Amino acid sequence: MPTTVFVVGSLNADQLLEVPAFPAAGETVLASDVLITAGGKGGNQAVAASRAGAAVTMIGALGDDAHGRLVRRALTESGVDTGWVVTADGTHTGTAVVAVEAGGENRIIVASGANARLTRQDVESGLAGAAPGDLVLLQLETPVDVVAHAARFAKERGATVVLNAAPAPADTGCLTTDIDLLVVNEVEMRAVAGLVGADEGRESGEDRDGRDVAGTVLTTSRALDCVVVCTTGADGAYVNAGDRVIHIPAVRVTAVDTTAAGDTYTGYLAAALARGESDLPAALATASAAAAVTVTRRGAMASIPYAAEIGEVRANPDTTHANSTTCTTGNTGTADITELTTKGWHMRIALGNDHAGHALKDHVRGVLERLGHEVLDRGTDSDAPVDFPDITFATCDAVRTGEADRAVLVCGTGAGALMAANKIAGIRCGLGHDVYSAHQAVEHDDANAIAMGAWLIGPAMAGAVIEAFLGATFDNDEDTVRRVAKLHELELRSARELAGERPADGS
């Protein structure tokens, strides 16, 4: 019987601001760009689990507003069941303001809004179908008493309970014996360990090495009677297996935005557990690879990769996959040297732009090159007027002849390039003003070109659209294949009509 990941948690609209540095007290800084996208720890983890291949049901609350509709649509388009996401009257959808500095680190301020209206009854209704083998994933951006009730209710139904204790708890209200797996970062680990008396006398601000983290993981596990996973950023993660603590090295990449890294990690881990993965270190290594892809992209939910995108994490052949130690020795070993590779990720991309798209061209080209793609430039290098049909044909023709794998078109609004591209035989062009339609255009319609408007989207959204478009693959199931074949039939019909031929069916 298929298992389900039930996610009980927060749903937010994230406002991402790119800043050169975080402001000091009383200081004003100017953001270079703003991106509004769906997020919230619950929503992000639900999407991550779904993109990892799990069947996911979301239980949460949204306001009756534009942001709520944005978040609900984003969840649905990622395959998440939103039937138990309620609309709370008289309040707004949860909102997070995320400031991201040049190095990728972030600072987040959250207004809970509808998340604070989630009730025990909402949870019971959503979890009524939970059964042994299912997994319930919780966080702490909704009322703590509701989280604790959800854990107890799920446990009574035989489901596995995973708590991501984020943000760090202020009391023990959520730290119950109903938890099977606790996922925390170092800050959250210190808070939890202090609350349950497992911090071994260390001060909260004291620097720690791997031995300290391993020891605290084990003492916290004993105190809560559950498995504990502690992530430590670039230093990897620690998990206890009985009286041993295993270290899983991190995947090394250049971070652009770390906003949804932890949520991606937790969602991928939940998906692995739900499908019966028994090798926990292997599941954590996969989660680490997924999070590594996430931090190379901007945004929250939009940055979460699909399983096919994360590629393989290769360990140095001279070292073991994961280092393990007992807490009595304190020897966590030497970190593995790992790297991220992405299956089939390198492509040849034809880039075309007219004068209206010239302002965004250098940024788009930079995104493509950063992702490791070869760029075939078919656009203009000035803002002197040119005819977009000519640019579009030159760009898309590179795809038709096999010189390029896909095409990216940039003009003022994207509409002109879209219309021109879809009049070229063999080209299926989507409009790329949001990441969901960019991904769906490939997955459902086998698009080989994307058009975007420099007047309508900024650099951050342009980068997210490109990553979604190039990271997507066509879904070869029977329905999508049939529909794309019909697109080809329409193309042939139009060609015959232009040639003065009457269609075979007489229409």
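This is a guided tour of a predicted model, one selection at a time.

**Before selecting anything**

Residues are numbered from 1 along each chain as its sequence is written. In this predicted model, local features need pLDDT of at least 70 and side-chain atom pairs count only at pLDDT 80 or more, while totals for chains, interfaces and linings use all residues, and side-chain values use heavy atoms, with hydrogens and water left out.

**The whole chain**

Show the whole chain, which has 14 helices and 21 strands; helices (H or I, at least four residues) and strands (E, at least two) are DSSP runs, numbered from the N terminus. Of its 507 residues, 53% count as buried, where buried means under 20% relative accessible area, exposed over 50% and partly exposed in between, with a 1.4 Å probe and protein chains only. Among the contacts in the chain with a separation of 6 or more, 70% come from residues 24 or more positions apart, a contact being heavy atoms within 4.5 Å.

**Thr37 in strand 3**

Select residues 33-39, which form strand 3, and pick out Thr37 within that strand. Is Thr37 buried or exposed? Thr37 is buried, with a relative accessible area of 5%. Leaving aside neighbours within four places in sequence, the residues in contact with Thr37 are Asn12, Ala13, Asp14, Leu70, Ala300, Ala302 and Tyr436.

**Helix 1 and helix 7**

Move on to helix 1, residues 41-51, which is mostly covered, with ten of its eleven residues buried. Those buried residues include Gly42, Gly43, Val47 and Ser50. Just after helix 1, look for Gly53, which takes a positive phi of about 110°.

Now add helix 7 (residues 261-274), which packs with helix 1 at an angle of about 50°, their axes 7 Å apart; axes are lines fitted to C-alpha atoms, for helices over the stretch in contact, and angles run from 0 to 180 degrees between N-to-C directions. That angle makes helix 1 oblique to helix 7, since angles under 35 degrees count as roughly parallel, over 145 as roughly antiparallel, 65 to 115 as roughly perpendicular and the rest as oblique. To see which residues meet, colour Lys41, Asn44, Gln45, Ala48, Ala49 and Arg51 in helix 1 together with Asp263, Thr264, Thr266, Gly267, Tyr268 and Ala271 in helix 7. The residues of this contact of helix 1 with helix 7 divide into four nonpolar, five polar and three charged; Ala, Val, Leu, Ile, Met, Phe, Trp, Tyr, Cys and Pro count as nonpolar, Asp, Glu, Lys and Arg as charged, and the others, Gly among them, as polar.

**Helix 7 and helix 8**

Keep helix 7 and add helix 8 (residues 280-294); the two pack at an angle of about 145°, with their axes 8 Å apart. The contact is made by residues including Tyr265, Leu269 and Leu273 of helix 7 and Leu280, Leu284 and Ala291 of helix 8. The residues of the contact of helix 7 with helix 8 divide into twelve nonpolar, four polar and no charged.

**The hairpin of strands 12 and 13**

Select strand 12 (237-241) and strand 13 (244-248), with Asp243 in the loop between them. The two strands pair in the antiparallel sense over five bridges, two strands being paired if DSSP finds at least two bridges between them. Val239 stands opposite Ile246 in strand 13. The hairpin has two residues between the strands, and Gly242 takes a positive phi near 65° there. Asp243 counts as exposed at 52% relative accessibility, whereas four of the five residues of strand 13 are buried, so that strand is largely enclosed by the rest of the structure. To place the loop further, show Thr219, whose C-alpha atom is separated by 9.7 Å from that of Asp243, 24 residues apart along the chain.

**The open parallel sheet**

Finally, turn to an open sheet of five strands in the order 18-17-19-21-20, with parallel pairing. Which strands stand at the edges? They are strand 18 (374-377) and strand 20 (429-431), each with a single partner strand, so one side of each is left without a neighbour in the sheet. The twist averages 25° from one strand to the next.

Within this sheet, strand 19 (residues 406-411) and strand 21 (residues 449-453) pair in the parallel sense over five bridges, and Ala407 stands opposite Ala449 in strand 21. Helix 9 (residues 358-370) packs on the sheet, touching strand 17 (348-353), strand 18, strand 19 and strand 21, and its direction makes about 170° with that of strand 17. Helix 10 (residues 388-400) also packs on the sheet, touching strand 17 and strand 19, and the direction of helix 10 makes about 165° with that of strand 19.
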